[in-house]
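Trainee: Before I use terms such as buried, paired or pocket for a model, I would like to hear what each one rests on.
Mentor: Then let us go through them with the model in view.

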Amino acid sequence: KELYVMDSDGVGITRLTTTQSINLSPVWSPDARSLAFTSYMRGYPYLFRLFVFERRPIQLLAGFPGINSSPGWSPDGKFVAMTLTKDGNPEIYVLNIATGEFHRLTRHWGIDTEPSWAPTGRELAFVSERAGRAQIFIVDTEGANVRRLTFEGFNTQPRWSPKGEAIVYTSRQGAHDLWAINVDGSNPRQLTAGAGSNESASWAPNGRHLVFESTRLGSRQLFTTLADGSEQQPLTRGPGEFTSPSWSPRLP
């Protein structure tokens, strides 16, 4: 699995990595200069930073024994939240990019993973199994005021909307489908249904569209949709598997 970049209409596909290993979960930085991602290029799942438009070497962000995964940039680009197992249980940590210091955000026996920052920078959504099965929770940046957001299904991959009013996530209630919910827990609504699995959504910077992966055509391809789930259109139809899309901020 290698990383690629393409235009928002699906053309201009360009390969970014040639590691000949598994590269996962790319996430654009807020300034659109770089991608944080998990890679097995050194044999273990470490977190790296790739500078997309600059001739700079790939930077190691986290290389602890165990899992280093699911990066999420803070809105100001100064921090990266992630999942680490360096202290045993999968927990969420926050890396200060300038100092290299790590701050542990969650402390629970259940698995905590997949952090996604609110556009205010004051809260994060994340996935936790502390309730018995995977559900979406919200926590402030000090690690306090944890509240549960979802209660039905098996829910993962939360992505906070650019305007801050909603969170889209993947829910397994039979098949995998995209759902959205208001940040106060009201109005959970299903965005995709029908053939195949639909997951791993990413917001357009204007908050009007989503890109996601789906198996409805047989292989994993990328689709776009309006934020209400209407006008779903294929973005890719090529050979191979297209997964884990991340919609960039507006490029300079």
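What follows is a set of questions on the terms used for this predicted model, each answered from its values.

Trainee: How many helices and strands does the protein have, and what makes a run of residues a strand here?
Mentor: The protein has 0 helices and 22 strands. A strand is a DSSP run of E of at least two residues. β22, residues 233-234, is one of them.

Trainee: What makes the radius of gyration agree with a compact globule?
Mentor: For 252 residues a compact globule would come out near 18 Å, and the protein has 17 Å, so the value agrees with the rule. Along the principal axes, the C-alpha atoms fill a box of roughly 45 × 45 × 35 Å. Buried residues account for 46% of the 252 residues.

Trainee: Why is strand β9 called largely enclosed?
Mentor: A residue is buried under 20% relative accessible area. In β9, residues 91-96, 5 of the 6 residues are buried, so the rest of the structure largely encloses this strand.

Trainee: How do you know that β8 and β9 pair, and in which sense?
Mentor: Pairing needs at least two bridges found by DSSP. Between β8, residues 79-84, and β9 there are 6 bridges, and the two strands run antiparallel. One residue pair to look for is Leu84 with its bridge partner Glu91 in β9. The two strands form a hairpin with 6 residues between them, and in the turn Gly88 has a positive phi of about 115 degrees.

Trainee: What joins β9 to β10?
Mentor: Here 3 bridges connect β9 with β10, residues 102-104, in the antiparallel sense. With at least two needed, these strands count as paired. Leu95 is opposite Phe102, while Val94 has His103 in β10 as its bridge partner. This hairpin has 5 residues between the strands, and Gly100 takes a positive phi near 80 degrees.

Trainee: Why are β7 and β10 called edge strands?
Mentor: The sheet is open, with 4 strands in the order β7-β8-β9-β10 and antiparallel pairing. β7 (68-73) and β10 each have a single partner strand, so one side of each has no neighbour in the sheet. From one strand to the next the twist averages 30 degrees.

Trainee: Which other strands form an open sheet, and in what order?
Mentor: Another open sheet of 4 strands has the order β19-β20-β21-β22, again with antiparallel pairing. Its edges are β19 and β22, each with a single partner, so each has one side without a neighbour in the sheet. β21 and β22 pair over 2 bridges, in the antiparallel sense. The cut-off is at least two, so 2 bridges suffice for the pairing. Phe223 stands opposite Pro234 in β22.

Trainee: What makes Ser25 partly exposed?
Mentor: Partly exposed lies between the buried limit of 20% and the exposed limit of 50%. Ser25 has 32% relative accessibility, so it falls in that class. Ser25 belongs to strand β3 and has a positive phi of about 55 degrees although it is not a glycine. Glu114, in strand β11, also is not a glycine and has a positive phi of about 55 degrees.

Trainee: How much space lies in the largest pocket, and which residues line it nearest its centre?
Mentor: The largest pocket holds about 1,200 Å³ of space. Its lining has 47 residues, with Val27, Pro71, Ser116, Arg159 and Ser246 nearest the centre. The elements giving two or more residues to this lining are β3 (23-28), β7, β11 (112-117), β15 (154-160) and β19 (198-203). By class, the lining has 26 nonpolar, 17 polar and 4 charged residues.

Trainee: What lines the second largest pocket?
Mentor: This pocket has about 950 Å³ of space. Its lining has 35 residues, and Tyr4, Val5, Met6, Leu222 and Pro245 are the closest to its centre. β1 (4-5), β3 and β21 (221-226) each supply at least two lining residues, and β3 gives the largest share, 5 residues. The lining divides into 20 nonpolar, 10 polar and 5 charged residues.

Note on methods. Residues are numbered from 1 along each chain as its sequence is written. This is a predicted model: local features need pLDDT of at least 70, side-chain atom pairs count only at pLDDT 80 or more; totals for chains, interfaces and linings use all residues. Side-chain values use heavy atoms; hydrogens and water are left out. Buried means under 20% relative accessible area, exposed over 50%, partly exposed in between (1.4 Å probe, protein chains only). Axes are lines fitted to C-alpha atoms, for helices over the stretch in contact, and angles run from 0 to 180 degrees between N-to-C directions. On a 1 Å grid over the protein atoms alone, a cavity is a set of points where a 1.4 Å probe fits but cannot get out, and a pocket is an open set with protein on both sides within 12 Å along at least five of seven lines; lining residues have an atom within 4 Å of a point. Grid points are joined across faces, edges and corners, and a volume is the space filled by probe spheres set on the points. Ala, Val, Leu, Ile, Met, Phe, Trp, Tyr, Cys and Pro count as nonpolar, Asp, Glu, Lys and Arg as charged, and the others, Gly among them, as polar. The radius of gyration is taken over C-alpha atoms; the globule rule is 2.2 Å times the number of residues to the power 0.38.
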